[in-house]
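The following paragraphs lead the reader through a protein model, beginning with a single residue and moving outward. Please keep the sequence and the coordinates at hand while reading.

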Amino acid sequence: MSADPIIRIRDLETRFGTHTVHEHLDLDVERGEVLGVVGPSGTGKSVLLRAIVGLKHPSAGSIEVFGRKLDTLGDEERRSLERRWGVMFQDGALFSNLTVRENVMVPMKEHTNLGPKLSAELADMKIRLAGLEPDAGDKFPSDLSGGMRKRAALARALALDPELLFLDEPTAGLDPITAAGFDTLLRQLQKSLGLSVFLVTHDVDTLNAVCDRIAVLGEKKVLAIGTIDELRAFDHPWVQEYFGGPRGRAATGH
Ligand SMILES: Nc1ncnc2c1ncn2[C@@H]1O[C@H](COP(=O)(O)OP(=O)(O)OP(=O)(O)O)[C@@H](O)[C@H]1O
């Protein structure tokens with residue numbers, strides 16, 4: 001663990017009523033790394049993401065992002081921190097009544113004083129950066145394929161030039177070739193923009209192609225964290241089956 005992680009979580013507890021999702025969960029995400037987060041369905045990967053970005057209030061423990069404890073911040077400070085990260089939710093969460101360009105302009109309207117013309121030009125840049133054709137900006141989400149919608153959601157997550165990107169299942173529902181294209185794009189963007197990335201996924205190919213380290217969630221906490229090779233050597237039934245089973249072996253070339 002470095003002295004200066006971009007996300008530091010200590011002793012986190014989250015719950016819904018009497019259902020405890022996380023308990024005594026510790027996690028560091030280092031600056032400049034892509035951390036993949038895996039684990040069986042329902043172990044709380046998405047809830048963890050939501051807790052970090054402030055959409056789910058923890059019942060105990062601390063979450064620091066950029067060295068700041070989120071629950072101690074005033075509204076203004078919080079908003080200025082929020083500008084420094086981008087989030088791509090599981091289903092893309094695009095506004096269906098807005099064009100792709102307008103979707104990408106939403107965070108700009110919310111967080112900057114840029115006029116409409118400049119926002120639109122910047123949005124078009126993000127749309128191209130996410131690998132969409134320029135004419136995609138005028139389309140509505142319902143006019144796009146699943147892969148294009150993911151790219152539009154990525155363009156919106158990049159709207160404010162974030163240092164930190166949160167991605168929830170970015171390749172879910174894509175065919176393998178489209179998913180591989182998205183993985184390549186992610187890795188290129190992460191490297192060229194120097195991003196730190198918190199990436200929830202079930203996709204072993206994505207873990208292999210994109211992630212520097214992987215955290216395995218289970219038993220309400222981070223069960224194991226490390227590179228794919230380190231996790232392959234980790235003695236836990238789910239971890240063994242996930243990385244050592246046929247799909248895991250095929251994806252990691254073992
Ligand atoms: N709004 C909510 N109200 C009540 N329970 C919730 C809510 N959101 C999530 N949960 C519960 O929290 C647990 C963790 O959910 P979460 O969506 O984080 O799992 P996950 O690991 O992301 O699963 P998957 O891999 O299937 O997406 C589940 O038991 C879920 O039912």
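I7 is buried, because 21 other C-beta atoms lie within 10 Å, and a residue counts as buried if that number is 20 or more. The model in which this count was made is a predicted one. I7 belongs to strand β1, which covers residues 7-16. When neighbours within four places in sequence are left aside, the contacts of I7 are D28, V29, I52, V65 and F198. S96, by contrast, stands 89 residues from I7 in sequence, and the two C-alpha atoms are 32 Å apart in space.

One of the contacts of I7, F198, leads to the nonpolar interior. The largest nonpolar core has 66 residues, and those touching the most other members are L35, V37, F198, L199 and A215. Helix α5, residues 146-157, supplies the largest share of this core, namely five residues. The core lies between domain 1 (1-83 + 212-254) and domain 2 (96-161), because both domains give residues to it. The centres of these two domains, taken over C-alpha atoms, are separated by 28 Å. Within the core, A215 may serve as an example: not counting residues up to four places away in sequence, A215 touches L27, L35, V37, V222 and I225.

Another contact of I7 is I52, a residue that is also buried in helix α1, together with K45, L48, L49 and A51. These five residues of α1 cover an arc of only 160 degrees around the axis, which means that they are on the same side of the helix. After α1 comes G54, with a positive phi near 90 degrees.

Helix α1 also leads to the ligand. Which residues surround the ligand? They are F16, V21, G39, S41, G42, T43, G44, K45, S46 and V47. Helix α1, residues 45-52, gives the most to this shell, with three residues. By class, the shell has six polar residues, three nonpolar residues and one charged residue.

G44, from the shell around the ligand, provides a reference point for W238. The two are 194 residues apart along the chain, and 16 Å separate their C-alpha atoms. W238 is located in helix α9. W238 counts as partly exposed because 17 other C-beta atoms lie within 10 Å. Not counting residues up to four places away in sequence, W238 touches P40 and G218.

Helix α9 itself, residues 237-244, has V239, Y242 and F243 as buried residues. These three cover an arc of only 80 degrees around the axis, so they are on the same side of α9. The face turned away from this buried side carries P237 and E241, which are exposed.

Two residues remain to be considered for their backbone angles. H24, in strand β2 (residues 19-29), has a positive phi near 50 degrees although H24 is a residue other than glycine. H24 is partly exposed, because 14 other C-beta atoms lie within 10 Å. E219 lies in the loop between β9 (213-218) and β10 (221-226). E219 is not a glycine, yet its phi is positive, at about 50 degrees. With 14 other C-beta atoms within 10 Å, E219 is partly exposed.

Terms used
Residues are numbered from 1 along each chain as its sequence is written. This is a predicted model: local features need pLDDT of at least 70, side-chain atom pairs count only at pLDDT 80 or more; totals for chains, interfaces and linings use all residues. A nonpolar core is a set of buried Ala, Val, Leu, Ile, Met, Phe, Trp, Tyr and Cys residues joined through C-beta atoms within 7 Å. A residue is buried if 20 or more other C-beta atoms lie within 10 Å of its own, exposed if 12 or fewer, and partly exposed in between; C-beta atoms are placed from the backbone. Helices (H or I, at least four residues) and strands (E, at least two) are DSSP runs, numbered from the N terminus. Domain bounds come from an automatic or database domain assignment. Two residues are in contact if their C-beta atoms, placed from the backbone, lie within 7 Å. A residue is near a molecule or strand if its C-beta atom, placed from the backbone, lies within 6 Å of it. Ala, Val, Leu, Ile, Met, Phe, Trp, Tyr, Cys and Pro count as nonpolar, Asp, Glu, Lys and Arg as charged, and the others, Gly among them, as polar. The arc is that of the directions from the helix axis to the C-beta atoms.
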